[in-house]
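Subject: Handover of a structure

Dear colleague,

Please find below the sequence and structure that I am handing over to you. A description of what was found follows.

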Amino acid sequence: MKIVIAPDSFKESLSAPDAASAIARGVRAACPGAEIVAIPMADGGEGTVAAVLAARGGQWRTARVTDALGEPIDASWGWLADGTAVIEMAAAAGLEQVPPERRDPLRATSRGVGELILAALDAGARRIILGLGGSATNDAGAGMLSALGLRILDAHGDEVAPGGAALRNAARVDTTGLDRRLAAVRVDVASDVDNPLCGPHGASAVFGPQKGASASQVAQLDAALAHFADICARALGRDERDRAGAGAAGGLGFAAHAFLNAAFRPGVEVVAELGGLAHAVLGADLVFTGEGRMDQQTLHGKTPAGVARIAHAVGVPVVALAGSLGDGYDKLYRAGITAAYSLAAGPMTLEQACAQAADLLADRARDATRLFMAGRGLNHRATETADLNQLG
């Protein structure tokens, strides 16, 4: 029996590779002879680099860059043998890195993301996969662009200060210093966000409050980003603010569209392609996937829904395991998930669930595999006999 295991990370408890290992342990407990193919997954956010490197056997690399507050930080990124660099923008400018009391969406900068891209260019990258998600910034990618050589100037010819709010002072952009190596590099943005840059569905209005922006600050940031988009449109001869994904990562998607000529794809599709998931599910009997929480929002670009689409296309059933199941999780059945289970075996706190996540995953995977085998009329007397011998 061939079983493919393709989970996302379980936040605050297990990385995607660790989650896959725990599920594999449970599968082997039920079916020791199973052929197991583990492909850790991610959706472009936190854990994307780890998932890709686990699947492709690349290298971890580290660069000293600028964090969202303008302070130095060591940020990790990934390198594949074919010259592909895998970067999570959150490694340099992530919201979780900034304590709540220090979050400042008016001044937070994405400069470190540009510095990670420079590190990839210095390494000779021919392709850059840039995962957008979990950002602390709302600067339309201006910080990233500044690190890459773009000059954003005020009416006096001075460079504007970091952060989204300062973009209201921009008078023009000078593209002459933009790193010329970018023109020869393919940039793929992995993101499940399709918001525009500005307006009621834009970066500031939708995501600004999550980063600590008040209602008045949201209005201030939205106006500043719109002004920056005007300046860029005059320089480029085209306006990118309404492109799908322009509002991702505090507007960093806008910068990627406008200056990096980036192609945008759902993160789960990018990771699935790199990991060879579509090929792996061919001939499989069962697929396991999962993440920390699943509800109806999982349908919108999250890993379990993406894995289910790939497996469903070739008629392979999918079992999804989650730390918790929220409202509307049953809608996932329409997306190709055959059954979904939460991990907790009984009442427990979140802290207990996180601490026991690996064992809980293994137990649920074991139970689901036994049920699947019974449904197929497969014999698992050998494992039952071994269990009885241990008890006796």
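**Aromatic pairs**

Tyr329 is partly exposed, because its relative accessible area is 27% and the partly exposed class lies between 20% and 50%. Tyr333 falls in this class too, with a relative accessible area of 36%. Please note that the model is a predicted one.

In total, the structure contains three aromatic pairs. One of them is formed by Phe228 and Phe254, whose ring centres are 6.1 Å apart. Their planes meet at 70 degrees, and an angle over 60 counts as edge-to-face, so this pair is edge-to-face. The two residues are 26 residues apart and link distant parts of the chain: Phe228 belongs to helix 7 (residues 215–236), while Phe254 belongs to helix 8 (residues 248–260). Phe228 and Phe254 are both buried.

The two tyrosines described at the outset, Tyr329 and Tyr333, also form an aromatic pair. Its geometry is edge-to-face, with 6.3 Å from centre to centre and 80 degrees between the planes.

**The open sheet**

How are the strands of the open sheet ordered? The sheet has five strands in the order 2-1-11-12-13, and their pairing is parallel. Strand 2 (35–38) and strand 13 (339–342) are the edge strands, each of them pairing on one side only. From one strand to the next, the twist averages 25 degrees.

At one edge, strand 12 (residues 318–325) runs parallel to strand 13 and is joined to it by four bridges. Within strand 13, Ser342 is the bridge partner of Ala322.

Helix 1 (residues 16–30) packs on this sheet. The strands that helix 1 touches are strand 1 (2–5), strand 2, strand 11 (286–294) and strand 12. The direction of helix 1 makes about 155 degrees with that of strand 1.

**Helix 2 and its surroundings**

Which residues of helix 2 (residues 48–56) are buried? They are Thr48, Val49, Ala51, Val52 and Leu53. These buried residues pack against three strands and a helix, namely strand 3 (59–66), strand 4 (72–79), strand 5 (84–88) and helix 9 (267–275). After helix 2 comes Gly57, which has a positive phi, near 70 degrees.

With kind regards

Note on methods: Residues numbered from 1 in each chain as written. Predicted model: local features only at pLDDT ≥ 70, side-chain atom pairs only at ≥ 80, totals over all residues. Heavy atoms only, no water. Phe/Tyr/Trp six-rings, centres within 6.5 Å; stacked < 30°, edge-to-face > 60°. Buried < 20%, exposed > 50% of the residue type's maximum accessible area, 1.4 Å probe, protein only. Contact = heavy atoms within 4.5 Å. Pairing = 2+ DSSP bridges. Axes fitted to C-alpha atoms, helices over the stretch in contact; angles between N-to-C directions.
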